[in-house]
Amino acid sequence: MGNVKQILAMMKDYATTHRVPIISLEGGQLLQSVAAAAQPAAVLEIGTAIGYSTLLLATAMMPGGQITTIEQDDDRIAVAKQFLAEAGVLNQTDIIAGDAGVVIPRLTGTYDLVFIDAAKGQYLDYLEKVLDKLSPEAVIIADNVLFRGWVLDETAAPKRFRTIVKRLKSYLDFVTNDLRFETTVHHIGDGMAVSFYRERRSNEKTGTFSPCRQFRET
Ligand code: SAH
Ligand code: MG
């Protein structure tokens with residue numbers, strides 16, 4: 001791996017100059033600590049931008065793990081590729097160009113960690129499309145879920161942002177109320193939701209026996 005710290009600093013400078021919205025410092029630290037604890041072998045990132053959070057994930061995840069990351073802006077993809085190559089992690093990264101809403105249903109992999117950080121109005125759509133691609137103990141992290149605090153106080157949001165605010169609320173409602181998810185919303189950066197997925201939890205209320213992965217696969 002190249003000098004990761006130095007490359008992250010260069011990416012940050014680039015993001016500032018070119019107004020690319022990368023994850024906050026604290027948000028990045030949370031992302032890395034969740035990834036370091038979960039040790040995912042396969043990560044799906046929705047919203048690559050210039051690869052800043054991709055590099056954070058690559059350095060925190062399981063050695064040899066793979067990241068699939070989706071971005072619709074070709075110029076940003078080109079920049080991301082340069083930085084990730086320089087950092088020596090491009091070989092473990094698969095950057096897919098296109099609209100995540102179209103790309104996700106076509107993915108054939110299973111993911112241990114999903115980082116949602118693209119169109120804020122589409123988070124629930126992304127999650128619904130990724131549900132059948134989650135490993136039994138996956139973790140979903142979503143950035144910007146409090147959207148400048150407006151998700152907590154909708155009346156403060158300018159009219160043109162209210163639809164996005166409503167949709168972010170629907171995302172949070174879903175991961176908070178659906179029994180398969182155990183969610184914590186962290187009030188750091190622009191708000192980050194960390195949701196632990198447990199396939200079997202959907203059945204716990206009815207007492208239906210649903211074997212966990214080890215039993216099923218052996
Ligand atoms: N995760 C990055 C920042 C991503 S910014 C980081 O923290 O470093 C959000 C990115 O999502 C932008 O680059 C934008 O082009 C991309 N995006 C927005 N809507 C998208 C969509 N529907 N499909 C794919 N990419 C999308
Ligand atoms: Mg973000």
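Ala, Val, Leu, Ile, Met, Phe, Trp, Tyr, Cys and Pro count here as nonpolar, Asp, Glu, Lys and Arg as charged, and the others, Gly among them, as polar. This is a predicted model, in which local features need pLDDT of at least 70 and side-chain atom pairs count only at pLDDT 80 or more, while totals for chains, interfaces and linings use all residues. Residues are numbered from 1 along each chain as its sequence is written, and side-chain values use heavy atoms, without hydrogens and water.

Let's begin with the sheet. Seven strands (DSSP runs of E, at least two residues, numbered from the N terminus) form an open sheet in the order β3-β2-β1-β4-β5-β7-β6, with mixed pairing; two strands pair if DSSP finds at least two bridges between them. At the edges stand β3 (93-97) and β6 (181-186), each with a single partner strand, so one side of each has no neighbour in the sheet. On average, neighbouring strands are turned by 15 degrees against each other, direction ignored. Look next at β6 and β7 (residues 192-197), which run antiparallel and are joined by six bridges. Here Val185 stands opposite Ala193 in β7.

Now add the helices (DSSP runs of H or I, at least four residues). Helix α2 (residues 25-38) packs on the sheet and touches β4 (111-116), β5 (134-143), β6 and β7, its direction making about 15 degrees with that of β7. Helix α4 (residues 74-86) also packs on the sheet, touching β2 and β3, and its direction makes about 170 degrees with that of β3. Contact means heavy atoms within 4.5 Å, and angles run from 0 to 180 degrees between N-to-C directions, with axes fitted to C-alpha atoms, for helices over the stretch in contact.

The axes of α6 and helix α7 (residues 162-177) come within 8 Å and cross at roughly 40 degrees. Tyr123, Leu124 and Leu127 in α6 meet Leu168, Ser170, Tyr171, Phe174 and Val175 in α7. This contact comprises seven nonpolar residues, one polar and no charged.

Finally, the lining of the largest pocket divides into twelve nonpolar, eight polar and eight charged residues.

Definitions and conventions
Chains are lettered from A and ligands numbered from 1 in the order in which they are written.
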